[in-house]
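Let's walk through some charged pairs and a nonpolar core, one question at a time. Have the model open while you read.

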Amino acid sequence: MKDLNLVVLIGRLTDNPELKYTKNNKSYVNFSIANNQGKDKSGQEYPASFFNCTAWGVVAENIAKYLVKGSLGLFKGELKQDQWTDDNGLKRSTVKIIVFETRFMDNKKPDNVTDESHVQNSPDPDFDIPF
């Protein structure tokens, strides 16, 4: 059994997403979301957290089509760590979220959304909920 690796965040896109394609014509989008941490008892805002994300296929296409900078969404995915050695021989790593489901949460649908197509799932055959 594979260990549970599940992330669910609500946040706003920090920039307009740009749809790209691999050499094999597979669509993807890299984007970042800001997750607001709220306020403390005195009303002072906690600093937001920022997360790098990648989505593939239909999910990527719909994020690029329907979301813009500032759009609020729920993003469900899994963490992926990339590791490499830089030009100076130092080991580096980064963690990003591989998004496989998103729900658009703005009160007003974008002008080009006419039905429930604004809820997108990308089934992951390896993903199994343990309960």
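**Salt bridges and the core**

Q: How far apart are the closest N and O atoms of Asp-82 and Lys-80?
A: Keep in mind that this is a predicted model. Asp-82 and Lys-80 form a salt bridge, and a pair counts as one when the nitrogen lies within 4 Å of the carboxyl oxygen. For this pair, the closest N and O atoms are apart by 2.5 Å.

Q: Are Asp-82 and Lys-80 buried, partly exposed or exposed?
A: Buried means under 20% relative accessible area and exposed means over 50%. Asp-82 has 22% relative accessibility and Lys-80 has 38%. Because both values fall in between, each residue counts as partly exposed.

Q: How many salt bridges does the structure hold?
A: Side chains of opposite charge can pair when their charged atoms come close. Asp-82 with Lys-80 is one such salt bridge here. For the structure, the count is seven.

Q: Which residue forms a salt bridge with Glu-78, and where does that partner sit?
A: The closest N and O atoms of this pair are 4.0 Å apart. Glu-78 belongs to strand β5 (residues 72–85), and its partner, 76 residues apart from it, is in the segment before β1 (7–13), so the pair links distant parts of the chain. The partner is Lys-2.

Q: Which residue of the Glu-78 and Lys-2 pair is buried?
A: Lys-2 has 45% relative accessibility, so it counts as partly exposed. The other partner has a relative accessible area of 18%, and buried means under 20%. The buried one is therefore Glu-78.

Q: Which residues do salt bridges that share partners join into one network with Lys-76?
A: Two side chains meet in a salt bridge at 3.1 Å, N to O. One of them is buried, with a relative accessible area of 11%, while the other counts as partly exposed at 36%. Joined with Lys-76 in one network are Glu-101 and Arg-103.

Q: Which element gives the most residues to the largest nonpolar core?
A: This core has 17 residues, and among those touching the most other members are Phe-31, Ile-33 and Phe-75. β1, β3 (27–35), β4 (49–56), α1 (57–66) and β6 (91–104) each supply at least two residues. With four residues, the top contributor is α1.

Q: Which phenylalanines is Ile-63 in contact with, leaving aside its neighbours within four places in sequence?
A: Ile-63 is among the core residues that touch the most other members. Its contacts include Pro-17, Val-29, Ala-55 and Thr-102. The phenylalanines in contact with Ile-63 are Phe-31 and Phe-104.

Conventions:
Residues numbered from 1 in each chain as written. Predicted model: local features only at pLDDT ≥ 70, side-chain atom pairs only at ≥ 80, totals over all residues. Heavy atoms only, no water. Buried < 20%, exposed > 50% of the residue type's maximum accessible area, 1.4 Å probe, protein only. Core = buried A, V, L, I, M, F, W, Y, C linked by side-chain atoms within 4.5 Å. Contact = heavy atoms within 4.5 Å.
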